[in-house]
Every structure is written in structure tokens, then in C-alpha cells.
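Morning, everyone. Let me take you through a structure that is new to most of this group. Please look at the screen.

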Amino acid sequence: MTIENFINNPLNEIEKIIGNISINEISTFQEPNISEIFKKKFCNENDIEKIPLLNKSSFDSLKSGTLVRFQCMIQDNGIDSELYSLFHLVKDRNSNEQKVKFFKYQDQINENDFEYLDSEDIQTFRDRQLIYCINIPGHNAWAKEKISSQNDGNKKYKVINEKFPIESDDNFGAIVKLYDPDDIDELKLNSVFEFIGILEYNEHHDNIQPTFDDLDMNMLSSLPLPHIHALYWNKVKNNSNPAINSIKNQLLNDKAIEDTRNKIVEYVSNVFGGDELIAEYLLYNLVSRIYSRIDTLPVGKFSLNICNINDSKQAAKIYNFIQNIVPKSHYLTLEHKKLNTRRLAPSMNCVETLDHGIGLVSGELQLSDGTVLVVDETTIQEGKIDNTGVVNISILNDLFQNQKITYDFNYHTLDFPANINLIVLSEAKSKLFPCDCVVPLQNDLTINQDFAINDNETLNIIRGFIDIMKVSDYKIDQDMANDISKEFVEKRSAQSKEKQDYTKKILGQDDLLYQLNLARLYTLSHGQTQLTKEFWLNTKELEEKRQKVLDNYLRLKSQTSNKTQNPLR
């Protein structure tokens, strides 16, 4: 049994494994572990890569009944389950022989080969779970696995636009059918998996007979959508980033890591016209992640507001650079019409869901963990914001503060935790979306986008470095933690003894948490996993510099605003 046979005709290989079964043997049938057999057959990366990748461009070239890989995000896991029969009695049209056929991993039989015979005696009904999966939202072109197949447009399948968060020519969705899943709890909404399964698709339903009860067919199953009968699945690692493996060998010692890090900061600062402060804090944002939650507090979040943006054109250039260095990203504009007409969060409380039975309708914020969301505040226009717009702004605000998104399920709402890297680009300091850190772009700088695009070698280093450091472990030894705590208490005590200055902020617990998180990101961005005294001092020095730049910017902004509002007469 060659790998090629398992790929080209997996159902035939499964029949060989099952063997011939008589009607009398059904009641004592012991089902072999088909999933484990396929896992062992494709036990290494080279063999797995031989399985064709399913997406929009390859769909036309793949035959129904082929073994495929589908890298996707779970968009809707609330679809009703359905019944199927493990066996059916059929008649072979070529030999006129009646036989018992194993039907676990298929919905349909081809009337050209077989005739379905109704037999209640052999039907063994079981339950299978259905989920709707889509191509990974915001998956950038450089990070996608390259395939040679091209879509020639022959096959017609239903694209349910309401179930895709981002409009794209690459949008592709399929129903994934799960059999006896022991680890179904890990298949959470918005998580990213690679499903290995048998592709089944029929455009016209001609010469095809369904093998399960029509009354149990849900609305999505009745649409002309590709179906994947999952044999097994793996969680997509490395944040869908193919550049990680290519640079691991370059980071063999501390010197190599530090040299790489310096090269990255220099490169990013050159993109921003020499602004090293922007480069540093952008790097911190990109290596940040939520690594723990204490009650509702997301620990590790580091949202960034880059202000003093001239206009949406400059904002778009910044996003284009970010898009080139992270595997998943989305550029969210806030036009008046968009805010008032479409929900940013997923919902089932809508006409499309009730009338067409398509399940959960997506929104632009239905993104997988690790996606970089860039919100362009410069696109906000003057005008009235209606109820939908107010809800959208509120949901975005909640995402920035608590890293959660509220989904509307018609009769109730449900909060879903998020783990998204958040960046706001704005003209002035953002008042709509509270960010952990604000850094103004220098007035006289221009975004050198062409510089960023023309150096693929350095881009690949940045791409891999960011996600390697993002998932690295981190710790603070007890002595270091005690010193930081003592230092913070002394600062607060000294501040309370000083003459009250209402222009200065009183240090609080949030300030300590922010400084500790910044020190963590500083450490990780240097390729290290333990905070040192030197790193702590460097972090404080850098933060003082940022605060000074921000204070100067806000003071100048205030003076300019006053002159505009109260011109000299």
C-alpha cells in the first residue's frame, strides 16, 4: 500500500483495511482505528507535504475522493451534528453482486458503479460533528504555502460571503466532518488547524444518492460546498509562519542573536526614516502575546498607538510594511458607512442567519490568535454614528482594554477571549481606543516603503525572529522581583512626600504591571528568557525617553490646537 494509493484513492485503501463483511458479521464488527493507520502512513513532514493542499486555486484540479490537507480557521463550530450509517447494502452494477459497503468517510455513492439498496437490517447509525472552516483570515501572501495548481474556474461552488471576515479573492470555505473525536474540545472557534481528510464534492447532485437520512440534513450540508471527511488533524504551529525554520540555525548563540536583533532594529528604523524609538516599540508589540489571564485581566497584552500620522496614505504605507513582516494581519478602516452598516463582531442575530440558515455570520474582528490588527483612525469621517456604529466602537474599545470580543447569538451574547496584536494609527493621540503605549511619529519623517520591500533576506530574518521570540519562555528570579517591588514602593513613598503636583500622574499598580510587561518584551526581543538588572535599567531608560518625546509632542499639539481655536486678532 503505497503513499500514492492512500492519496489518490483513500476510500479504496480503507475498504482493503476493512475487508469483506457479510450481513451476519455486522453486529460483531470491530472497527479498526483508521485514523491511526493514516497517521502512521504519513508520519513525517516530507510525506505529509505530498498530500495536496486544498484552497481556492487548487480546488479545480482535485478530484472528489482525494486525500487533502486543509489549513484553515474554524469559523463556525455551532452547526448541528448529523446521523450517518456505518454500513449500507449496495448492488455492484458491473457484477450485479450485493455487498455490504463501509460508508464512514463519505456521504454519497455513484450510481454509475453502485445501486443503493434500502436495508434496515444492516444500518448502524452514528453521529458526526460538523464545523465550517475557511482559509486563514489575513494570511499574508509571503506566508502561504506555494502550490503550482491554478483555478481554471470549471467547478462551481457556493461562496457564502457572510461567513468570511475579510473580503478576498482567495476566500474558500468547506464543511469539515468529524468522526468520534476524543479531542473535540480543542477545536475552538477561530483556532487554526490543518485537517487531513477525504475531499467530497458534487456540483450538480446528478447520479448521486445520499446515504444518510434527508431529515437530518442541515442547511449548510445541502449547499454545494466542498466536504472534508477528517481522518485526523494537527494544530498549525509557529503562527502559520514558514520563516521560523529557516532562521533558527542563525540564532545559535547570544552574539548571533544580538547581532540579528540590532540588524532588525536598524532595518525597521530606516523604514521609518531613522526613528529608532518607533522601531523598538513596534518590535515589542509584534513579539507580545497574551500568555495568561487573571480573572478578566489579559496578562501580556501590549497595544500600540502610533500617532502624528499625516493621513490615510501614510497609514497605509505603515500597514504595508507590517504586512510584509508578519504572517497574519488585517487593516481595519473606520469609514462612516462601514461602521453604521455591518457588525465588526460575529453575530447570529441577523436576516441572513434566520432566512438562509447559514449559521454564524462573520465580522471583521473574527481573527485567529496572533493576527496583527492595524486600526486606521485617520479614516474616520464626520457624521452621525447610529446604533450599529456605537456598538462597533464599543466592541473595538473592549478588545483594546480586555482582549475579548462579544458575539451576539440572537437571544444572548457571549464573550470570546482574543489574542490579537493591536496597533492604532492616528493623527492625534487616540481617544477612542485606549492603548498601553503611545509613540508619536516624528513630523519630518517619511515612510520608506520601497526600502522595506527590496531586501527579502532581511525580511525573512525579521519574520522568523518575531515569532520565535513571541513564543519563548520568560522568567524573573526572586531576587530580581524583590528588587523591583522595593524600588516601586520607594518611588511611591517619595512621590507622596513631595509637594502635590497635579500635572504628574500618581504611580499605581497598572504602572508597575506595564513596566514589568515592557521589561519582558525588551528581554524577549533581545533573544533572552530571563530579566537581568541591565535589561531592567535599559527598559526604564528607554521608557523615560519615550515619555519625554510624547510629552513634547502633546505640548506642541496643545499649543497648535489653541492657536487654531483662538487665532490672534
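How many of the twelve residues of H9 are buried? Eleven of the twelve are, and that makes H9 a mostly covered helix. Before I go on, a caution: this is a predicted model.

Now the names. Leu277, Ile278, Ala279, Glu280, Tyr281 and Leu282 are among the buried residues of H9. So are Leu283, Tyr284, Asn285, Leu286 and Val287. Notice that Glu280 and Asn285 are part of that buried set.

What about its length? H9 runs from residue 276 to residue 287. From first C-alpha to last, H9 reaches 17 Å. The expected figure is 16 Å, at 1.5 Å a residue, and the two are close.

Look at the start of the helix. Asp275 caps the N-terminal end of H9. A side-chain oxygen of Asp275 sits 3.2 Å from the backbone nitrogen of Leu277.

Next, a neighbour. Helix H15 covers residues 456–470. The axes of H9 and H15 come within 8 Å of each other. Their crossing angle is roughly 55°. The two helices are therefore oblique to each other.

Which residues meet there? From H9, they are Leu283, Leu286 and Val287. From H15, they are Ile466, Met469 and Lys470. By class, that contact has five nonpolar residues, one charged residue and no polar ones.

Let me step back to the whole chain. The chain has 569 residues, and 50% of them count as buried. There are 18 helices and 20 strands. Now take the contacts between residues at least 6 apart in sequence. Of those, 79% join residues at least 24 apart.

Tyr553 gives us a case of distant sequence positions. Find Tyr553 in helix H18, residues 533–565. In sequence, Tyr553 and Leu441 are 112 residues apart. In space, their C-alpha atoms are 9.4 Å apart. Leaving out residues up to four places away in sequence, Tyr553 touches Cys307, Asn308, Glu427, Ala428, Lys429 and Pro440. Is Tyr553 buried or exposed? The relative accessible area of Tyr553 is 9%, under the 20% cut-off, so Tyr553 is buried.

On to a strand. Arg128 lies in strand S7, residues 125–134. Relative accessibility for Arg128 is 0%, so this arginine counts as buried. Which side chains does Arg128 join through polar contacts? One is Glu82, at 2.8 Å. Another is Asp107, at 2.5 Å.

Last stop, two loops. Asn96 sits in the loop between strand S3 (87–92) and strand S4 (98–102). Asn96 is not a glycine, yet its phi is positive, at about 60°. With 55% relative accessibility, over the 50% cut-off, Asn96 counts as exposed.

Asp295 is in the loop between strand S12 (292–294) and strand S13 (297–299). Asp295 also has a positive phi without being a glycine, here about 55°. Asp295 has a relative accessible area of 75%, so Asp295 is exposed.

To recap briefly. H9 is mostly covered, and H9 crosses H15 at roughly 55°. Arg128 is buried and joined to Glu82, and also to Asp107. Asn96 and Asp295 are exposed. Thanks, everyone.

Terms used
Residues are numbered from 1 along each chain as its sequence is written. This is a predicted model: local features need pLDDT of at least 70, side-chain atom pairs count only at pLDDT 80 or more; totals for chains, interfaces and linings use all residues. Side-chain values use heavy atoms; hydrogens and water are left out. Axes are lines fitted to C-alpha atoms, for helices over the stretch in contact, and angles run from 0 to 180 degrees between N-to-C directions. Helices (H or I, at least four residues) and strands (E, at least two) are DSSP runs, numbered from the N terminus. Angles under 35 degrees count as roughly parallel, over 145 as roughly antiparallel, 65 to 115 as roughly perpendicular and the rest as oblique. Contact means heavy atoms within 4.5 Å. Ala, Val, Leu, Ile, Met, Phe, Trp, Tyr, Cys and Pro count as nonpolar, Asp, Glu, Lys and Arg as charged, and the others, Gly among them, as polar. Buried means under 20% relative accessible area, exposed over 50%, partly exposed in between (1.4 Å probe, protein chains only). The expected span of a helix is 1.5 Å times one less than its number of residues. A polar contact is a pair of N or O atoms within 3.5 Å; within protein, one must be able to donate a hydrogen and the other to accept it, and residues adjacent in sequence count only if both atoms are side-chain atoms.
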